Amino acid sequence: MNTPTPSPLAWNALALLDEATFCARLGPVVEHSPWVAREAWAARPFADWASLCDSLSRVIHGADEARQLALLRSHPELAGQEARAGTMTADSQSEQGRLGLLALDAATVQRIESLNRRYRERFGFPFIVALRLHGSLATVLQAGEARLANDALSERRNALQQVCEVMRGRLAQTVSPEPSPPPSPSVNTLAGTPS
């Protein structure tokens, strides 16, 4: 059973959150890595939505190698075992479902399994891609094949940047990117006076 996604938190409400609520609300924007939100909490106050996003990204890129690898390894493979078992997070399920990764024909499953296996053997973590930046599964597969040619350090950086892009999309669904305008008095348009 899927839990309904809460509506985005109004920007001006973010500053009112205590640490525990902030971490509970923003922790899921990075797959199975609530420590990113916990560490970003220290950078408050955030001037705007972009600075919040940048703070989360800095935590990811600034982590030591062991923590970065653990973060990368916590992501599900495309159309992988977690997808087949139905154990992915709701966000991952939605993201993979948008491009049809949860209902593939046998030939496409084999192609993705091959890509996943070769990528994991080469780099030691799953192929991570911000699916929201792709209009089709074909471009996702092309990106995966191209990234297999990268050296290990370049690809770790690339994968972390993809995590940040995934996080950016999830953050936009979690915290409203624009400050909420103050309520305006209702105006009687016929008389042109406040009602």
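1. A residue is called buried when its relative accessible area is under 20% and exposed when that area is over 50%, with partly exposed in between. The structure discussed here is a predicted model, and this note concerns its salt bridges.

2. The pair Glu155 and Arg147 forms a salt bridge whose closest N and O atoms are 2.6 Å apart. Glu155 has a relative accessible area of 0% and is therefore buried. Arg147, at 7%, is buried as well.

3. A network should also be noted: through salt bridges that share partners, Glu31, Asp91, Glu95 and Arg170 are joined into one group.

4. A salt bridge also connects the side chains of Glu39 and Arg67, with an N to O distance of 2.4 Å. Glu39 belongs to helix 3 (residues 35-40) and Arg67 to helix 5 (residues 65-73); the two residues are 28 residues apart, and the pair links distant parts of the chain. Glu39 is partly exposed, its relative accessible area being 39%, and Arg67 is partly exposed at 32%.

5. Between Glu113 and Arg84 there is a further salt bridge, in which the closest N and O atoms lie 3.7 Å apart. Because Glu113 is located in helix 8 (residues 106-123) and Arg84 in helix 6 (residues 81-85), this pair ties together parts that are 29 residues apart in sequence. Glu113 is partly exposed, with 36% relative accessibility, whereas Arg84 reaches 55% and so counts as exposed.

6. As for the total, the model contains nine salt bridges, among them the Glu155 and Arg147 pair described above.

Methods
Residues numbered from 1 in each chain as written. Predicted model: local features only at pLDDT ≥ 70, side-chain atom pairs only at ≥ 80, totals over all residues. Heavy atoms only, no water. Salt bridge = Lys/Arg side-chain N within 4 Å of Asp/Glu carboxyl O. Helix = DSSP H or I, 4+ residues; strand = E, 2+ residues; numbered from the N terminus. Buried < 20%, exposed > 50% of the residue type's maximum accessible area, 1.4 Å probe, protein only.
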